Amino acid sequence: MTYEFDFAWLAGYWPVFARGVAMTIRLILVGGVLGIALGIFCAWGRALGPRWLRPLVALYVELIRNTPFLIQLFFIFFGLPAAGFRLNEVEAASLAMVINLGAYSAEIIRAGIEATPRGQFEAGASLALSPLQTFRHVVLIPALQKIWPALASQVVIVMLGSAVVSQIAVEDLTFAANFAQSRTFRAFEAYFLSTAIYLALAILLRFLLLRLGDLLFPHKRGAR
Amino acid sequence: MTQFTLLDILRNLVFATQWTVILSLVSFIGGGLLGLGLLVLRIGGGRIFAPVVRVYVELFQGTPLLMQLFLAFFGLGLFGIDVPPWLAAAVALILWTAAFLTEIWRGCVEAVPKGQWEASASLGMSYVEQMRHVVLPQALKIAIPPTVGFSVQVVKGTALTSIIGFTELSKAGTVLSNATFQPFTVYGLVALIYFALCFPLSQAARHLERKMNVAHRH
């Protein structure tokens, strides 16, 4: 192997990478918060919602979990405008991430809800809590507590999966690497750098989410 | 100028699907074999190899598959080989699959109760005999549902190889969408074909899991 690695070009490109990182973080913030919210709604809909809602949620979850994120993204960005629903690339990427994470987190949260003993519902009702209050205080919070590590992993997976949004010209971290390599012809170095940044982001995001879990569900700490 | 009917689109997509299937099989089988080797090192590799495998798994699970494909594509090129997209795609997907399967299977081996090890040790079995006759048969049973479940991730993962220029279902979808100006129909069909490939696998995984849970309750 006679190739010589060269990272000197980086000096001129770090702002591109910084903007890319900022976009990737922005996408996972929006996707993470709204995606988990959608997941909670769907988990409620499938486990306890009205009868007509259950098959719809099941269909949504199965459709998303059994198709690639890339195709979901293309369908939203290229396909939906043909049906009269036009989004710019950042909106399309955010929507795709919310829909994707929503389906996965619905399944994860549902598993937590189904692990709640039946007696808990009855106990909630006997305390004169409304069904919604029971759901929130008695079912949802303990369920989230149980499955929080799995949910954190899924958010990290979606963040890593967001690398493909560069394919619809969203200027994220992968886009920065593509841009740098097309100008410098240092493809391996550019992708090596962006891969290292993704790894750091994944470790950091996972750490922060687990800390957030400790903050949101404080009494779990003693139990551990 | 030729016009594409819906049937033409569908025929082209189904034709490209064979490459998605072939690449999935290659990745799953290759990744499974490599994963098995890594599993042996992870469990019995002592202080030197076990941490190496751990870092390997961490690296592949902590970075985007797309980046791994790019690095395989351009990295193999550094050795002066002209890298065709299928080669980079297969190499990256095999390495990626192996990392995940190793981690899944390690969990399964560890799920075998400690008493089983102790019981077999008390029968005077060697480490290899314990593995061969007691631990692995039980771990294998636990491993089947999540392994089948992961095969869905492999099929979906092959979609990313379109980005480095491998012509499979997703790439065919992009080409047809550009040729016909019917992205809604084309990507809708592409999604349905992926669904047809993946849904039976995830249903099978769920069914196997349920069956095993029933067996466990007894």
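**Exercise 1. A salt bridge in chain B**

Which residue's side chain meets that of B:Glu103 in a salt bridge? Work out where the two partners sit and how accessible each one is.

*Solution.* Keep in mind that this is a predicted model.

- Step 1: Look for the partner. The side chain of B:Arg106 meets that of B:Glu103, with 2.8 Å from N to O.
- Step 2: Place the pair. Both residues belong to helix α4 (residues 85-111) of chain B, where they are three residues apart, about one turn of the helix.
- Step 3: Check the accessibility. B:Glu103 has a relative accessible area of 25% and is therefore partly exposed. B:Arg106, at 18%, is buried, because buried means under 20%.

**Exercise 2. Following a network in chain A**

Start at A:Glu107 and trace its salt bridges, first inside chain A and then across to chain B.

*Solution.* Go one link at a time.

- Step 1: Within chain A, A:Glu107 pairs with A:Arg110, and their closest N and O atoms are 3.2 Å apart. These two residues are separated by about one helical turn, because they are three residues apart in helix α4 (residues 89-114) of chain A.
- Step 2: A:Arg110 also forms a salt bridge with A:Glu114, at 3.1 Å between the closest N and O atoms. Here the spacing is four residues in helix α4 of chain A, so about one helical turn separates A:Arg110 from A:Glu114.
- Step 3: Compare the surroundings. A:Glu107 is buried at 13% relative accessible area, and A:Arg110 is buried at 16%. A:Glu114, in contrast, is exposed at 52%.
- Step 4: Cross the interface. A:Glu107 forms a salt bridge with B:Arg206, the closest N and O atoms being 4.0 Å apart.
- Step 5: Put the picture in context. A search over all chains finds nine salt bridges, and two of them cross the interface of chain B and chain A.

**Exercise 3. Describing the interface**

Describe the interface between chain B and chain A: its contacts, its buried area and the parts of chain B that build it.

*Solution.* Begin with the totals, then turn to the details.

- Step 1: Count the contacts. On the chain B side 36 residues take part, in contact with 37 residues of chain A.
- Step 2: Take the area. About 3,100 Å² is buried between the two chains, and carbon and sulfur atoms give 78% of this. B:Leu78, B:Phe184 and B:Tyr187 supply 20% of the area that chain B buries against chain A, more than any other three residues.
- Step 3: Look for polar pairs. The rule finds four residue pairs in polar contact across the interface, both residues being at pLDDT 80 or more.
- Step 4: Find the helices involved. In chain B, α2 (46-61), α3 (65-77), α6 (127-157), α7 (169-180) and α8 (183-217) each supply at least two residues of the side that touches chain A. The largest share, 13 residues, comes from α8(B).
- Step 5: Sort by class. The side of chain B that touches chain A has 22 nonpolar, 11 polar and three charged residues.

**Exercise 4. Loops of chain A**

Where do A:Ala128, A:Ala169 and A:Ser166 lie, and is each one buried, partly exposed or exposed?

*Solution.* Take the residues in turn.

- Step 1: A:Ala128 is found in the loop between α5 (118-126) and α6 of chain A. Although A:Ala128 is not a glycine, its phi is positive, about 65 degrees. Its relative accessibility of 64% makes it exposed.
- Step 2: A:Ala169 has its place in the loop between α6 and α7 of chain A. Its phi is near 70 degrees, again a positive value in a residue other than glycine. At 40% relative accessibility, A:Ala169 is partly exposed.
- Step 3: A:Ser166 sits in the loop between α6 (131-161) and α7 (173-184) of chain A. With 8% relative accessibility, A:Ser166 counts as buried.
- Step 4: Add the surroundings of A:Ser166. A polar atom of its side chain lies 3.0 Å from the backbone oxygen of A:Ala163. Leaving out residues up to four places away in sequence, A:Ser166 touches A:Asp172, A:Thr174, A:Phe175 and A:Asn178.

**Exercise 5. Cysteines and disulfides**

How many disulfides does the structure hold over all chains? Then say whether B:Cys108 and B:Cys198 are buried or exposed.

*Solution.* Two short steps are enough.

- Step 1: The structure holds zero disulfides over all chains.
- Step 2: B:Cys108 is buried, with a relative accessible area of 6%. B:Cys198 is buried too, with a value of 0%.

Terms used:
Residues are numbered from 1 along each chain as its sequence is written. Chains are lettered from A and ligands numbered from 1 in the order in which they are written. Side-chain values use heavy atoms; hydrogens and water are left out. A disulfide is a pair of cysteine sulfur atoms within 2.5 Å. Buried means under 20% relative accessible area, exposed over 50%, partly exposed in between (1.4 Å probe, protein chains only). Contact means heavy atoms within 4.5 Å. Buried area is the accessible area (1.4 Å probe) that two parts lose on being put together, summed over both. A polar contact is a pair of N or O atoms within 3.5 Å; within protein, one must be able to donate a hydrogen and the other to accept it, and residues adjacent in sequence count only if both atoms are side-chain atoms. Ala, Val, Leu, Ile, Met, Phe, Trp, Tyr, Cys and Pro count as nonpolar, Asp, Glu, Lys and Arg as charged, and the others, Gly among them, as polar.
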